[in-house]
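Me: Could you walk me through the empty spaces in this model and the terms used for them? I would like to see how each label is earned.

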Amino acid sequence: MFNNEQYIEGLLEQAVEATNAQIIKVLQKAKTKKGLTPEEIATLLYIKDPMQLQELYDIAGQIKQSIYGNRIVVFAPLYVSNYCVNNCTYCGYKRDNKIARRKLTREEIQQEVQILEKMGHKRLALECGEDPVNCDLDYILSCIDAVYSTKSDNGAIRRLNVNVAATTVENYRKLKGADIGTYILFQETYHRKTYHDMHPNCLKGDYEYHLTAFDRAMEGGLDDVGAGVLFGLYDAKYEVLAMMLHNAHLEEKFGVGFHTISVPRLKKAEGMDLSTYPHLLEDEEFKKIVAILRLAVPYTGIILSTRESAEMREQLIRYGVSQVSAGSCTGVGGYKENESCQDVGQFEVADQRTPIQILKSLMSDGHLPSYCTACYRQGRTGDRFMQLAKSGKIQHVCQPNAIMTLMEFLLDYGDEALYQQGSALIAQEVEKIERQDIKALVIENLQKIRNGERDLYL
Ligand code: SAM
């Protein structure tokens, strides 16, 4: 059934008729955190009643709290090359755009990484356009090496997720060998005709090859894969269902689905006009979709970028988002050129706050910012991660790791106000740890961190 258009459209047609009783039944099932079937997801996509909508948000919030606690993982993107042979209609880097093309040298990457490390980042997402000549896999592997080997005072990137174009099993194997975290690739749109219209006459235009990239990635040993659609290209309800079927396909074939889902919405970019896209996703519908994803795949991380405003990010974090980017630049070499990043890169950024400002606001809203990167370094990837997450035992490592990485941030990168705010939060969070052995270990480790030790994790 995976990506069968008629099947998806049939599900949506049936769901229009869903009764209140059916919607309530699905919402009740969602509370069990067992995920939802495609039929159930389709039913929720048609919720209109304000009371039911509120119920959906409440359940999404409860699931979020029970699986992720109040943790929010923080990361930043790193653009290394804007060479691109593709002509994606919506993208500022498309080949028809006569913009200056460049790729970073090893030294330039190290400078960018040092700036990111000074902001406190430990987790990056490497981004680039697709260009088999100017940005081939050897170049990408050299970028990965440059990132991991850049060390500054207290700083080091501990997890590098990679967003590169669909490629071969052999290349995925090489990425696995380079110790990447999650392999990220957005389908952009699951709708075949729209996909072709949006990617005219270019390498990326091969729908099947793009769609089957995660199968090849898994065959190449990359068991943490991060999906996404670019909301605004086609009907969002269709995209959500197709993405969930894609997830089910991977679960069935490889025993594990998406590690993360990103929810980018189309933004203004160089050489495109937003008004020519008839499927732009309105705020209310967007919130509903994020909440439905939280119910549908409770254990999959949901990532929100700085494409969204601070206000939207605050709301979506309550309904299910578990990772946010901070202090982002979407231009190649953008961190060095403009540390406050006012320039326009691949697309416009709406949340231009610094990581310190974002951390203050997260903590004021009761969240615990986390720079934890322990799982993949401890071999907790793919189905091992999912089993641990589903058993609830992941809390015993994630919460302590979040607390310890926040303490590092406060000491190494925070200002006085952040230190005060963060210390109070850490004290509260330590009190909440139920297992006494873990609590004692965290207290001991926090003292070690105050004494100068770094990178302690469970
Ligand atoms: N080269 C990779 C590939 O071909 O799949 C993609 C990397 S690109 C740097 C990251 C993502 O940015 C794209 O997958 C796309 O979803 C998103 N993007 C491109 N243009 C955008 C726009 N105008 N607004 C929002 N997101 C956009």
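**Cavities, pockets and the ligand**

Reply: Happily! The lining of the second largest cavity holds five nonpolar, two polar and four charged residues. Here Ala, Val, Leu, Ile, Met, Phe, Trp, Tyr, Cys and Pro count as nonpolar, Asp, Glu, Lys and Arg as charged, and the others, Gly among them, as polar. This is a predicted model, in which local features need pLDDT of at least 70 and side-chain atom pairs count only at pLDDT 80 or more, while totals for chains, interfaces and linings use all residues. Residues are numbered from 1 along each chain as its sequence is written, and side-chain values use heavy atoms, with hydrogens and water left out.

Me: What makes a space a cavity, and what makes it a pocket?

Reply: Both are found on a 1 Å grid over the protein atoms alone. A cavity is a set of points where a 1.4 Å probe fits but cannot get out, whereas a pocket is an open set with protein on both sides within 12 Å along at least five of seven lines. The structure holds three cavities of 30 Å³ or more. The volume of the largest cavity is about 370 Å³, and that of the second largest cavity is about 70 Å³. Each volume is the space filled by probe spheres set on the points, with grid points joined across faces, edges and corners.

Me: Why are Ala310, Arg313 and His367 called lining residues of the second largest cavity?

Reply: They are called that because lining residues have an atom within 4 Å of a point. The list for the second largest cavity includes Ala310, Arg313, Glu314, Ile317 and His367. Two or more of its lining residues come from each of helix 13 (310-319) and helix 15 (355-364). Helix 13 gives the most, with four residues. Helices (H or I, at least four residues) and strands (E, at least two) are DSSP runs, numbered from the N terminus.

Me: Which residues lie nearest the centre of the largest cavity?

Reply: Among its 21 lining residues, those are Tyr68, Val73, Gln323, Phe385 and Cys398. Helix 4 (50-68), strand 1 (71-81), helix 16 (374-377) and helix 17 (382-391) each supply at least two residues of this lining. By class, the lining has 11 nonpolar, seven polar and three charged residues.

Me: Where does the ligand sit?

Reply: The ligand takes up the largest pocket. A molecule sits in a pocket if more than half of its atoms lie within 2 Å of its grid points. The largest pocket has a volume of about 870 Å³. It has 47 lining residues, and Glu127, Asn163, Phe186, Glu188 and Gln346 are the closest to its centre.

Me: How do you know that Tyr90, Cys128 and Lys204 make polar contacts with the ligand?

Reply: A polar contact is a pair of N or O atoms within 3.5 Å. A backbone N or O atom of Tyr90 lies 2.9 Å from a nitrogen atom of the ligand, and a polar backbone atom of Cys128 is also 2.9 Å from a ligand nitrogen atom. An N or O atom in the side chain of Lys204 is 3.4 Å from an oxygen atom of the ligand. These distances fall within the cut-off, so the three pairs count as polar contacts.

Conventions
Polar contact = N/O pair within 3.5 Å; in protein donor to acceptor, adjacent residues only side chain to side chain.
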